[in-house]
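Dear colleague,

I am handing over the structure we spoke about, with the sequence alongside. Please have it open while you read my notes.

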Amino acid sequence: MSGGTAHAQDGAAGPEPGTGAAEPTSSLQQLYEDPATPVASGPDRARRQAAILARALGPTPSTVLDIGCGDGSAAATAAQALPRHRLVGVDWSQDALRRASARLTAVRGELSAPGLPFATGSADAVLFSEVIEHLVDPDAALDELHRVLRPGGHLLLSTPNLAAWYNRALLLMGTQPVFSEVSLRGIHGRPGSQVVGHLRLFTARALRSMLPAAGFRVVRITGAPYHDVPRPLRPLDRAACHVSSLASILLVHARAVPRRDGAPRREPPGEEGS
């Protein structure tokens with residue numbers, strides 16, 4: 001079982017200057033610009049998210065931003081369920097953008113200053129798949145997503161589950177959980193062989209608390225299987241999806257609401273319409 005989600009949507013909107021990385025040429029940036037870093041997690045998760053979003057948006061044409069679009073394969077899969085909607089990919093990695101541009105409109109953007117290149121309230125929905133676990137400052141990232149979403153806009157977030165059923169067993173045996181990483185240079189103490197740059201891991205309970213604090217009302221959290229679970233264990237992994245707190249991957253549907261602290265939406269300099 002690999003320790004990464006293999007989705008460099010992952011590093012795509014990663015630790016830009018201002019989020020805590022020492023320099024733009026940091027080891028994290030080198031990792032995300034490396035063509036060998038995985039950039040797709042397979043179509044299953046993208047289809048699940050797209051189905052949730054299609055039901056939420058209905059037939060009215062909408063603007064959907066895929067923040068951290070990676071190579072664009074997830075957006076291309078989602079587009080099949082969202083034929084009337086406009087999908088725009090956003091990534092920080094130049095290598096990912098080069099590959100994504102063959103599949104959809106893709107632009108470079110940062111979740112830290114100066115912010116995403118979209119006007120406040122210009123997006124109807126945001127896909128944020130396997131990005132948050134790579135960020136130095138997830139709070140600032142959620143603030144920026146809240147800014148670009150219209151009031152009531154939809155956030156579809158996915159991230160590996162720290163409390164996945166097998167991670168609970170691994171911790172009891174004194175083994176580092178799958179998805180967690182202690183080094184960007186190699187794998188230490190956990191199953192797998194691929195370094196993907198995970199900085200933070202979340203549980204369903206943590207997301208239910210964190211998202212409302214950032215101005216999002218959680219509609220539902222569901223589970224998704226992990227593509228790299230050994231084949232004999234895949235039926236158990238699929239069964240765990242019925243209990244989101246045990247699932248390999250957490251899929252969150254939330255909506256933008258007024259923030260509890262009443263903080264105004266900031267306007268980044270030189271923002272452009274979407």
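The notes below cover confidence, the sheet and the helices that lie across it.

This is a predicted model, in which local features need pLDDT of at least 70 and side-chain atom pairs count only at pLDDT 80 or more, while totals for chains, interfaces and linings use all residues. Residues are numbered from 1 along each chain as its sequence is written, and side-chain values use heavy atoms, with hydrogens and water left out.

The mean pLDDT (the predictor's confidence in each residue, from 0 to 100) is 85 for the protein, and 80% of its residues reach 70 or more. Over residues 4–25, however, the pLDDT is below 50.

Seven strands (DSSP runs of E, at least two residues, numbered from the N terminus) form an open sheet in the order 3-2-1-4-5-7-6, with mixed pairing; two strands pair if DSSP finds at least two bridges between them. Strand 3 (105–108) and strand 6 stand at the edges with a single partner strand each, so one side of each is left without a neighbour in the sheet.

Strand 7 pairs in the antiparallel sense with strand 5 (residues 149–160) over seven bridges, where Leu 156 has His 253 as its bridge partner. Strand 7 also runs antiparallel to strand 6 (residues 216–224), to which eight bridges join it. Seven of the eight residues of strand 7 (residues 249–256) are buried, so this strand is largely enclosed by the rest of the structure; buried means under 20% relative accessible area (1.4 Å probe, protein chains only).

With best wishes

Conventions:
Buried means under 20% relative accessible area, exposed over 50%, partly exposed in between (1.4 Å probe, protein chains only). Helices (H or I, at least four residues) and strands (E, at least two) are DSSP runs, numbered from the N terminus. Contact means heavy atoms within 4.5 Å.
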